Amino acid sequence: MKTRNFENKLATIGAFFVLIGVFAAATSAFAEEVAANAANTSAVRGAAEETIAGAQRANAESAAEAVKALEADTRFDLENQLSDITSTLVAANK
């Protein structure tokens with residue numbers, strides 16, 4: 001029984017050391033990733049700003065085109081309605 005208790009304590013201590021090693025390795029790996037990300041942050045920020053500016057230009061162009069198309073459709077519909085009204089009026093007077 002004493003041997004089994006001793007083996008269990010050794011296994012627990014061994015597991016504890018393994019956990020400490022894994023924790024230390026993970027900490028150093030995440031620290032390297034943070035350092036690499038800090039170096040790339042300015043490049044990523046510049047690319048993001050450029051992308052946002054391009055998207056804003058594209059949205060402005062799309063909105064201008066949509067306004068032109070809507071104006072043309074509305075003008076066409078109004079002209080058709082007016083021509084229908086005038087043709088109806090002309091037919092009614094004849």
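A residue is called partly exposed when its relative accessible area lies between the buried range, under 20%, and the exposed range, over 50%. Glu71, at 42% relative accessibility, is therefore partly exposed in this predicted model. That scale is a handy starting point for the rest of the chain, where buried residues account for 0% of the 94 residues.

The overall fold is quickly described. The secondary structure consists of one helix and zero strands, and this helix, α1, covers residues 2-93. The protein exposes about 8,400 Å², with carbon and sulfur atoms supplying 65% of that area.

Turning to charged contacts, side chains of opposite charge can pair when their charged atoms come close. The count of salt bridges in the model comes to one. It joins the side chains of Arg75 and Glu71, with an N to O distance of 3.1 Å. These two residues lie about one helical turn apart because they are four residues from each other in helix α1. Arg75 has a relative accessible area of 49%, so this residue is partly exposed, and its partner Glu71 is likewise partly exposed, at 42%.

The surface also carries a nonpolar patch, made up of Ile13, Phe16, Phe17 and Ile20. Together these four side chains present about 420 Å² of accessible area. Phe17, a member of this patch, sits in helix α1. Its relative accessibility is 55%, and Phe17 therefore counts as exposed, since the exposed class begins over 50%.

Methods
Residues are numbered from 1 along each chain as its sequence is written. This is a predicted model: local features need pLDDT of at least 70, side-chain atom pairs count only at pLDDT 80 or more; totals for chains, interfaces and linings use all residues. Side-chain values use heavy atoms; hydrogens and water are left out. Patches are made of residues with over 30% relative accessible area and no salt bridge: like charges are joined within 9 Å, nonpolar side chains (Val, Leu, Ile, Met, Phe, Trp, Tyr) within 5 Å. Accessible areas come from the Shrake-Rupley method with a 1.4 Å probe; for residues, only the protein chains shown count as cover. Buried means under 20% relative accessible area, exposed over 50%, partly exposed in between (1.4 Å probe, protein chains only).
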